[in-house]
Amino acid sequence: GWLGSIFFFGYAAAQFTSGFLADKWGPKKTMNIAIWVFTLVTFITGYVRTFWQFIFLRLGLALGEGHHYVPAVRAIANFFPSAERGRANAALATTWAVAPAIVPLMVTWMMADWFDGAWRPVFFVLAVPGLIGIFLLWKYIQDSPRESLEKGMMTKDEHDMIVASIGHDSAVTGKKYSAKIFTTDVQFYLYAISWFIMLMIYWGMTTWISTFLVKMHGLNLKTMGFFASMPYVTAFVAMYLGGWVADKVFQGRPKMVTIIGFLGCIPVLYFIGQSPKGDTNQLLFWLMMGGFF
């Protein structure tokens, strides 16, 4: 519980600087530093010896990962016309489902079959995707449509379409606004509360699910990895579907999609808790429905 919570305290703290740095340095440089930090910390975690070392590294991991999401959203805002932004954000959000769908299968399999139950080498392997991310960011991502145009990565028509939709060509540093632009906005606070509740459910399931499956349902390591990944398989479908529906059916107004998601979580979370031990088909069905909603 402490190892899980300390990560999110660090992640929350990182949000105060991630937006500032994304505006000041640009999304690309901010994301680059973030990936370097959490990749290095992931690798070092394989050498951890004490509980307090683990606490310290979890905090470092959080400060690295916490500086990635906001610049990524800023990059989407810089590059995508308003009519496509729902689907673009949905495509980004699906990574929250794809990774948790693949990684439990991958790491439990590696730990059991490659490393004879040893957990340390898993962290060394998990540093490799970070290096791939650093390369892709360096090779393909720019801070603004203008930079992409100047480097031949975008046509003039694409650039003009984006600028016409957004109203400007986003540069590394933009116009400065007073904090009142969001501190006095009631809609902002309602959105923040809604986001808080969604993350409570999402991370509540994510951090508890492995313990729940092993202790309450007696699953072994490999089976637990499979069951833990299944909610994110349906979540992948639902995330992109939600973005498409918000754009196409509700004309860019996602409120109804959000309401449907919250309403669906109520019975699903209840039935996950009521699934009898040994009835793995029922358990798997409700876990997948939980991921979907």
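Axes are lines fitted to C-alpha atoms, for helices over the stretch in contact, and the angles between their N-to-C directions run from 0 to 180 degrees. With that in hand, here are some exercises on this predicted model.

**Exercise 1. Two packed helices**

Work out how helix α2 (residues 27–45) and helix α3 (residues 51–65) are oriented to each other, and which residues make the contact.

*Solution.*
- Step 1: Two packed helices are described by the angle between their axes and the distance between the axes.
- Step 2: For α2 and α3, the axes come within 7 Å and cross at roughly 160 degrees.
- Step 3: Angles over 145 degrees count as roughly antiparallel, and therefore α2 and α3 are roughly antiparallel to each other.
- Step 4: The crossing in which α2 passes α3 is left-handed.
- Step 5: On the α2 side, the contact is made by Ala34, Val37, Phe38, Val41, Thr42, Ile44 and Thr45. On the α3 side, Phe54, Leu57, Gly60, Leu61, Gly64 and Glu65 take part.

**Exercise 2. Aromatic pairs**

Classify the ring pairs Trp119–Phe123 and Trp208–Phe212 as stacked, tilted or edge-to-face, then say how accessible each residue is.

*Solution.*
- Step 1: A pair of aromatic rings is described by the distance of the centres and the angle of the planes.
- Step 2: The search of the whole structure finds 21 aromatic pairs. In one of them, the centres of Trp119 and Phe123 are 5.9 Å apart, with 90 degrees between the planes.
- Step 3: Planes over 60 degrees apart count as edge-to-face, so the Trp119–Phe123 pair is edge-to-face.
- Step 4: Trp119 has a relative accessible area of 32% and is partly exposed. Phe123, at 22%, also counts as partly exposed.
- Step 5: The rings of Trp208 and Phe212 are 6.2 Å apart, centre to centre, with 40 degrees between the planes, and this pair is tilted.
- Step 6: Both Trp208 and Phe212 lie in helix α11 (residues 186–216), four residues apart, which is about one turn of the helix.
- Step 7: Buried means under 20% relative accessible area. Phe212, at 11%, is therefore buried, whereas Trp208, at 47%, counts as partly exposed.

**Exercise 3. More around the rings**

Which residues do ring pairs link into a cluster, and which ring does the charged end of Lys29 sit over?

*Solution.*
- Step 1: Follow the ring pairs through Phe7, Phe8, Tyr11, Tyr202, Trp203 and Tyr232, which are linked into a cluster.
- Step 2: Now turn to Lys29, whose charged end sits over the ring of Trp25, 6.0 Å from the ring's centre.

**Exercise 4. Three residues to place**

Find where Asp23, Asp116 and Val214 lie, and decide whether each is buried, partly exposed or exposed.

*Solution.*
- Step 1: Asp23 belongs to helix α1 (residues 2–24). Its relative accessible area is 41%, so Asp23 is partly exposed. Between Asp23 and Met161 there are 23 Å in space, C-alpha to C-alpha, and the two are 138 residues apart in sequence.
- Step 2: Asp116 is in the loop between α6 (95–114) and α7 (120–140). With a relative accessible area of 71%, Asp116 is exposed. Its phi is near 50 degrees, a positive value in a residue other than glycine.
- Step 3: Val214 is in helix α11 and is partly exposed, at 36% relative accessible area. Not counting residues up to four places away in sequence, Val214 touches Leu219 and Met224. Val214 and Asp279 are 65 residues apart in sequence and 14 Å apart in space, C-alpha to C-alpha.

How values were computed:
Residues numbered from 1 in each chain as written. Predicted model: local features only at pLDDT ≥ 70, side-chain atom pairs only at ≥ 80, totals over all residues. Heavy atoms only, no water. Phe/Tyr/Trp six-rings, centres within 6.5 Å; stacked < 30°, edge-to-face > 60°. Buried < 20%, exposed > 50% of the residue type's maximum accessible area, 1.4 Å probe, protein only. Lys NZ or Arg CZ within 6 Å of the ring centre and 35° of its normal. Parallel < 35°, antiparallel > 145°, perpendicular 65-115°, else oblique. Left-handed = near helix turned anticlockwise from the far one by under 90°. Contact = heavy atoms within 4.5 Å.
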